[in-house]
Structure formats: structure tokens, C-alpha cells
Amino acid sequence: MPEENTPTVTPVTAPANGPTVESLQADVDKWKAMSRTNEKRYEDASAERDALKAAGLSDSDKALEAAKTEARNAAFSEYGSKLAEAELRAKAATEGVTLPDSQFINIGQFLGADGTVNTELIGTFVSSLPQPATTPTYAQGIGLGRQGSGAVGQLSQTDLSNMSAKEINEARKAGKLDLLLRGTS
């Protein structure tokens, strides 16, 4: 074969003036740092705005805000305990453990100061519960249920040769000829 038909492979090289991995990583780090700085500035400005707003409120407005906060916390604590109990049950079901009776669990310990559910505490509590036993609860070899082979009580061909027609019919009705009739003796 002539060498003219063989394809030539040219090596692929990166462009000489393109970005490198190090320069791209430096750009990523720079933008992350700028983002964190902007987030910090936003949090500071929000806190300053809230402080100025609170300072400008009259006594009745302050009392109204305090009542709103108290009502919100009361609603969280009332429904938070129900939510915490539901979260406990769901977590226990996924872990495959049994929860103690609800009268023995202090649901309030799973609520935060504002009445929200602390899922980390729930996960820790549920993982500390004992795992169910993998062995059977009851003894297994105590003779209950079907024991031995199914041929017990079945008659053989030699047994039939010593029986009368009436005895054979009675044995058939009693089910003692089932294996012979099926042909699996």
C-alpha cells in the first residue's frame, strides 16, 4: 500500500494564550471572597436598619411588635411539639426502630428557643435507640407445624395388595393413596 492513504494525526495542543487551571481557580477564589464580603456588608446593613427602625418606633409600636413576636413563638411552640413528634415517628420508621411511649419522651427538648424543630437532635436521639433483634423472637424447633416428609401415612403398592376393595376405598377417602394416585410414590 502506498503511504499516501494513511491518515496523518496531528497532536492537539492548547492555545498558547488560553487560561490555565491555576488562573481559573484564582478567579473562582477571588469571586467567592468578593461574594462573602458583600454578604457580610448586607448582614451589617440589615442589622443597622433593624436597629434604626426599632429606635424610631413609639411605645405602642414596640408593644405591638413584642405581642407579634410572643404570638409567633406561642404558635411555634404549640405546633412545634406536634411537628417534632411527627418528625420523631418518621425518623424512627426510616431507621426501623421502635420509639418509647410518647409520655416518656420530653418533646420540648427537640424544640429550639424560637419553637422550631431541631432535626439534628431528633436524628441523634433516634440513632441512640436500640436496633430491633434480627433473630426470631420465638423458639423455632419445638415441633409445631409440619414435620418430616409428606409421605407419612401414605400407603404403598405392597400395602394395597393385602387390602380388600372396601379398605382401599376407605384409604382413598382418607387421603392415604394420594401419592400413589399422583404417581409419585
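Me: What is the relative accessibility of Glu95, and is this residue buried, exposed or partly exposed?

Reply: The model is a predicted one, in which local features need pLDDT of at least 70, side-chain atom pairs count only at pLDDT 80 or more, and totals for chains, interfaces and linings use all residues. Residues are numbered from 1 along each chain as its sequence is written, and side-chain values use heavy atoms, with hydrogens and water left out. Buried denotes under 20% relative accessible area, exposed over 50%, and partly exposed the range in between (1.4 Å probe, protein chains only). Glu95 is therefore classed as partly exposed, its relative accessibility being 35%.

Me: Which residue meets Glu95 in a salt bridge?

Reply: A salt bridge requires a side-chain nitrogen of Lys or Arg within 4 Å of a carboxyl oxygen of Asp or Glu. The partner lies four residues away from Glu95 in helix α2 (residues 59-95), a separation of about one helical turn. This partner is partly exposed at 29% relative accessibility. With an N to O distance of 3.7 Å, the residue is Lys91.

Me: How many salt bridges does a search of the whole structure find?

Reply: Side chains of opposite charge can pair when their charged atoms come close. One of the pairs is Arg49 with Asp50, whose closest N and O atoms are 3.0 Å apart; Asp50 is partly exposed at 41%. For the whole structure, the search gives a total of five.

Me: Why are Lys40 and Asp44 separated by about one helical turn?

Reply: Their side chains form a salt bridge at 3.3 Å, N to O. Lys40 has a relative accessible area of 47% and is partly exposed, and Asp44 is partly exposed at 39%. The separation arises because the two residues are four apart in helix α1 (residues 21-55).

Me: Which element gives the largest share of the largest nonpolar core?

Reply: A nonpolar core is a set of buried Ala, Val, Leu, Ile, Met, Phe, Trp, Tyr and Cys residues joined through side-chain atoms within 4.5 Å. The largest has 11 residues, among them Ala84, Leu88, Ala92, Phe110 and Ile122. Two or more residues come from each of α2 and α3 (119-128). The largest share, three residues, is from α2.

Me: Which residues does Ala84 contact, leaving aside its neighbours within four places in sequence?

Reply: Contact means heavy atoms within 4.5 Å. Ala84 belongs to the largest nonpolar core. With those neighbours left aside, the residues in contact with Ala84 are Ile107, Phe110, Leu111, Val117 and Ile122.
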